[in-house]
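User: I am new to this structure and would like to go through it in questions and answers. Please reason briefly each time and finish with the value or name that I ask for.

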Amino acid sequence: MTVDQVLVELGGVSRRTFYRWRELGSAPSGMKLPNGEIRIWRSDFASWLESLREAA
């Protein structure tokens with residue numbers, strides 16, 4: 001998933017908030033491509049969402 005796709009799935013979270021979560025280590029894990037873009041595996045995103053639900 002691209003960062004934009006993740007932001008849409010999260011209901012409009014801002015790009016800055018997402019990158020802040022990455023800085024804090026609380027965003028879903030992703031990989032940086034050689035062109036600098038970030039991609040997140042859909043399965044990692046789903047696991048991350050599930051972990052948030054369990055914590056609530």
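User: How far apart are the closest N and O atoms in the salt bridge of Glu 23 with Arg 16?

Analyst: The model is predicted, and the distance is computed from its atoms. A salt bridge requires a side-chain nitrogen of Lys or Arg within 4 Å of a carboxyl oxygen of Asp or Glu. Glu 23 and Arg 16 form such a bridge, and their closest N and O atoms are separated by 3.4 Å.

User: Which residues are linked in a network of salt bridges?

Analyst: The structure holds five salt bridges, one of them being that between Glu 23 and Arg 16. Glu 23 and Arg 16 also belong to a network of salt bridges, together with Arg 20. The linked residues are therefore, under the 4 Å cut-off between nitrogen and oxygen, Arg 16, Arg 20 and Glu 23.

User: By how much of a helical turn are Arg 53 and Glu 50 separated in helix H3?

Analyst: Arg 53 forms a salt bridge with Glu 50, with the closest N and O atoms 2.8 Å apart. Arg 53 is exposed at 60% relative accessibility, whereas Glu 50 is partly exposed at 33%. Because the two residues are three residues apart in helix H3, their separation is about one helical turn.

User: Is Glu 37, which meets Arg 39 in a salt bridge, exposed, partly exposed or buried?

Analyst: The side chains of Glu 37 and Arg 39 meet in a salt bridge of 2.9 Å, N to O. Arg 39 has a relative accessible area of 25% and is partly exposed. Glu 37 has 38% relative accessibility, so this residue counts as partly exposed.

User: What kind of aromatic pair do Trp 21 and Trp 48 form?

Analyst: Three aromatic pairs are found in the whole structure. In the pair of Trp 21 and Trp 48, the ring centres are 5.9 Å apart and the planes make an angle of 50 degrees. Planes under 30 degrees apart would count as stacked and those over 60 as edge-to-face, so an angle of 50 degrees makes the pair tilted.

User: How many residues apart are Trp 21 and Trp 48, and which helices hold them?

Analyst: This pair links distant parts of the chain. Trp 21 lies in helix H2, residues 15-24, and Trp 48 lies in helix H3, residues 42-55. Along the chain, the two are 27 residues apart.

User: Is Trp 48 buried or exposed?

Analyst: Trp 48 shares one aromatic cluster with Trp 21 and Phe 45. Its partner Trp 21 is partly exposed, at 26% relative accessible area. Residues under 20% count as buried; Trp 48 has 11% relative accessibility and is therefore buried.

User: Which helix supplies the largest share of the largest nonpolar core?

Analyst: In soluble globular proteins, nonpolar side chains tend to be buried together. The largest nonpolar core here has ten residues, including Val 3, Leu 7, Phe 18, Phe 45 and Trp 48. Helix H1, residues 3-9, and helix H3 each supply at least two residues of this core. The largest share, three residues, comes from H1.

User: Which residues does Arg 15 contact, leaving aside its neighbours within four places in sequence?

Analyst: Arg 15 is found in helix H2 and is partly exposed, with 38% relative accessibility. Its C-alpha atom is 11 Å from that of Gln 5, ten residues away along the chain. Leu 7 touches Arg 15, and among its other contacts are Gly 12 and Phe 18. Leaving aside neighbours within four places, the residues in contact with Arg 15 are Val 3, Asp 4 and Leu 7.

User: How far apart in space are Arg 53 and Val 3?

Analyst: Arg 53 lies in helix H3, and Val 3 is one of the residues of the largest nonpolar core. In sequence they are 50 residues apart. From C-alpha to C-alpha, the separation is 21 Å.

User: What radius of gyration does the chain have?

Analyst: The chain holds three helices and two strands, in the pattern α-α-β-β-α. Its C-alpha atoms fill a box of roughly 35 × 20 × 20 Å along the principal axes. With 56 residues, a compact globule would have a radius of gyration near 10 Å, and the value for the chain agrees with this: 11 Å.

Methods: Residues numbered from 1 in each chain as written. Predicted model: local features only at pLDDT ≥ 70, side-chain atom pairs only at ≥ 80, totals over all residues. Heavy atoms only, no water. Phe/Tyr/Trp six-rings, centres within 6.5 Å; stacked < 30°, edge-to-face > 60°. Helix = DSSP H or I, 4+ residues; strand = E, 2+ residues; numbered from the N terminus. Buried < 20%, exposed > 50% of the residue type's maximum accessible area, 1.4 Å probe, protein only. Core = buried A, V, L, I, M, F, W, Y, C linked by side-chain atoms within 4.5 Å. Contact = heavy atoms within 4.5 Å. Rg over C-alpha atoms; globule rule 2.2 N^0.38 Å.
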